[in-house]
Amino acid sequence: MSLDSVTQSVDEAVSGFFEPIAKWLGEVVFYTVPVGGTDLPLIVAWLVVAGLVFTGWFGLVQLRRFKLAVDVVRGKYDEKGSTGEVNHFQALTAAVSGTVGLGNIAGVAVAVSIGGPGATFWMILCGLLGMATKFVEVTLGVKYREVHPDGTVSGGPMHYLPKGLAERFGKNGKVLGKVLAVLASFLILFFGLFGGNLFQVNQSYAQLVSVTGGEDGALGSSAGALLFGILIAALVGIVLLGGIRSIANVTSRLVPAMAGIYVAACLIVIVVNITAVPDAVTSIVEGAFNPEGVAGGVLGALIIGFKRAAFSNEAGLGSAPIAHSAVKTKHPASEGLVALLEPFIDTVVVCTMTALAIVIANPASWGEARAGEEIGGVTITSDAFETVLPWFPYVLTVAVLLFAVSTVLTWGYYGLKSWTYLFGRSRASEVTYKVVYTVFAVAGSLLTLQTLIDMADAFLFTLAVINIIGLYLLAPVVKRELGTFLEFVRARNADPNAGNGGDDDDQEPVKTTV
């Protein structure tokens, strides 16, 4: 029996077993209600409302504290002796690598095909709102993180939900928090294996095959797929062995590189078509408020834009605090401010650049997709760039591979922290997880397992419901932490040498007492 027939049999067997479960779960989690002639997923409304609430609660923190956030990333307010494993920049790039990916390339193309150019406007607005949500959850992630005897750090909703709720609401809060922590860990672990690992490897392999001769090319065979999977698994396994410091060292170089390549290509398309920019911007703004040919009109464009942004930047889902919690800082809100840059980079910059390039280039495939034909998002984006750069599919392949590898690495770390919360931090437990995760990377090039990927999406957005309830209940804690950090900033600005004393080996422990 050939490898192709084996993998096909596995795909069919898994799909047949899980399809009814995945379909039911998807209908529940992504339940929609008709609004103005189109369907609104309630989970998207849940995420957007959270962004609105936190934007108001913290007084437009994403705008008023943007410069301060950049200063923190630059290290202006670093303190010697701070507990943690990575600096602010490394924590940011590690988290960004988990969100910037194929969704920024393919998902945006689908959004402007269904919702028209106007979806871009609403996508930007949702990204700006998501900055406030990200600030809240990451501040809590650092506030309630756990520092282990070996100096490594664990954080995320599985830590701040039980600790924070117990601190605010006593015994009942502790019990509820424990239940939510176990559930959150399982949901993150499941998505990490299928959405953050298997799907990324599968899609990057498909793009690589498409530019190397297709199924008849050098990598089109099952042997080629297996070789690709083994290479990715080996790379991921080696980096995972080094923990967050190793991941941060890779992503701090990989993320700027992949973003630079992709944004540079976008700018080339824009510059070459510079005379079309004013009309493109006009179509985006007018399309946001007076869209033509979009189901549901303005609401239709709004919902599509919000949906793409919410699915892209993961604000409110509870995943990013896991990476950010490893930062070296004594002030939780400092990393919360750094984290608000994440949706800005992911959605306001990268997603918008993709949308603008497509609208300006106006490739034939985009027009066909808007007319109702089923055309892949990657194809539309590739065609848009190919109007200016005939060799762009090769550049896109490099970008997709970089995006995929960085995402697999970051979700490998997220999954590890969930695994160790559920099964303990013993060496045997960690090695078991890393072996399982690398095996999934190999399987990603051979199997599609679309049904399980659909389930993983549903699981991740189920986490958003749990996480945001916790964010609402713990928002007063974040308010206090922000005030404390702003006082520190004022003192540091008055005396630049303040806070620089101490020795790196004499680290102040993070308070984790409930």
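**Burial, backbone and contacts in the predicted chain**

Asn362 is partly exposed, because its relative accessible area of 49% falls between the limit of 20%, under which a residue counts as buried, and the limit of 50%, over which it counts as exposed. In this predicted model, Asn362 is placed in the loop that runs between helix H15 (341-361) and helix H16 (364-370). The backbone of Asn362 has a positive phi of about 50°, although the residue is not a glycine. Most residues other than glycine have a negative phi. A second residue of this kind is Leu60, whose phi is near 55° and which is likewise not a glycine. Leu60 is found in the loop between helix H2 (42-57) and helix H3 (61-64), and with a relative accessible area of 42% it is partly exposed.

The chain as a whole contains 20 helices and four strands. For a chain of 514 residues, a compact globule would be expected to have a radius of gyration near 24 Å, and the value of 22 Å found for this chain agrees with that expectation. Taken along the principal axes, the C-alpha atoms occupy a box of roughly 60 × 55 × 40 Å. Of the 514 residues, 57% count as buried, while the accessible surface of the chain amounts to about 20400 Å², with 63% of that area belonging to carbon and sulfur atoms. When contacts between residues at least 6 apart in sequence are considered, 84% of them join residues that are at least 24 apart. The charged side chains comprise 31 positive and 39 negative ones, and the centres of these two sets are separated by 14 Å.

The largest nonpolar core of the chain holds 161 residues, and the members that touch the most others within it are Phe58, Phe135, Leu140, Tyr262, Tyr414 and Phe485. Helix H20 (residues 450-494) supplies the largest share of this core, with 22 residues. The surroundings of one of the residues that touch the most other members, Tyr414, can be described further: apart from neighbours within four places in sequence, Tyr414 is in contact with Ala94, Ala95, Ile188, Ser319, Ala320, Ile322 and Ala323.

Leu474 is a residue of helix H20, and with a relative accessible area of 0% it is buried. When residues up to four places away in sequence are not counted, Leu474 touches Leu140, Tyr160, Gly164, Leu165 and Arg168; of these, Leu140 is among the core members that touch the most others. Leu474 and Gly103, by comparison, are 371 residues apart in sequence, and their C-alpha atoms are 30 Å apart in space.

Ile247 belongs to helix H10 (residues 243-272) and is buried, with a relative accessible area of 1%. Beyond its neighbours within four places in sequence, Ile247 makes contact with Val239, Leu240, Leu409 and Tyr413. Between the C-alpha atoms of Ile247 and Ser222, residues that are 25 apart along the chain, the separation is 30 Å.

Buried residues are also present in loops, as the two following cases show. Ser325 is situated in the loop between helix H13 (320-324) and helix H14 (332-339), and its relative accessible area of 1% places it among the buried residues. With neighbours within four places in sequence left aside, the residues in contact with Ser325 are Gly141, Val142, Arg145, Val153, Gly155 and Gly156. Pro291, in turn, is located in the loop between helix H11 (277-289) and helix H12 (297-313). Its relative accessibility is 15%, so Pro291 counts as buried, since the limit for burial is set at under 20%. Pro291 and Gly214 are 77 residues apart in sequence, and the distance between them, from C-alpha to C-alpha, is 38 Å.

Methods: Residues are numbered from 1 along each chain as its sequence is written. This is a predicted model: local features need pLDDT of at least 70, side-chain atom pairs count only at pLDDT 80 or more; totals for chains, interfaces and linings use all residues. Side-chain values use heavy atoms; hydrogens and water are left out. Helices (H or I, at least four residues) and strands (E, at least two) are DSSP runs, numbered from the N terminus. The radius of gyration is taken over C-alpha atoms; the globule rule is 2.2 Å times the number of residues to the power 0.38. Buried means under 20% relative accessible area, exposed over 50%, partly exposed in between (1.4 Å probe, protein chains only). Contact means heavy atoms within 4.5 Å. Accessible areas come from the Shrake-Rupley method with a 1.4 Å probe; for residues, only the protein chains shown count as cover. Lys and Arg count as positive and Asp and Glu as negative; His and the chain ends are not counted. The place of a charge is taken as NZ of Lys, CZ of Arg, CG of Asp or CD of Glu. A nonpolar core is a set of buried Ala, Val, Leu, Ile, Met, Phe, Trp, Tyr and Cys residues joined through side-chain atoms within 4.5 Å.
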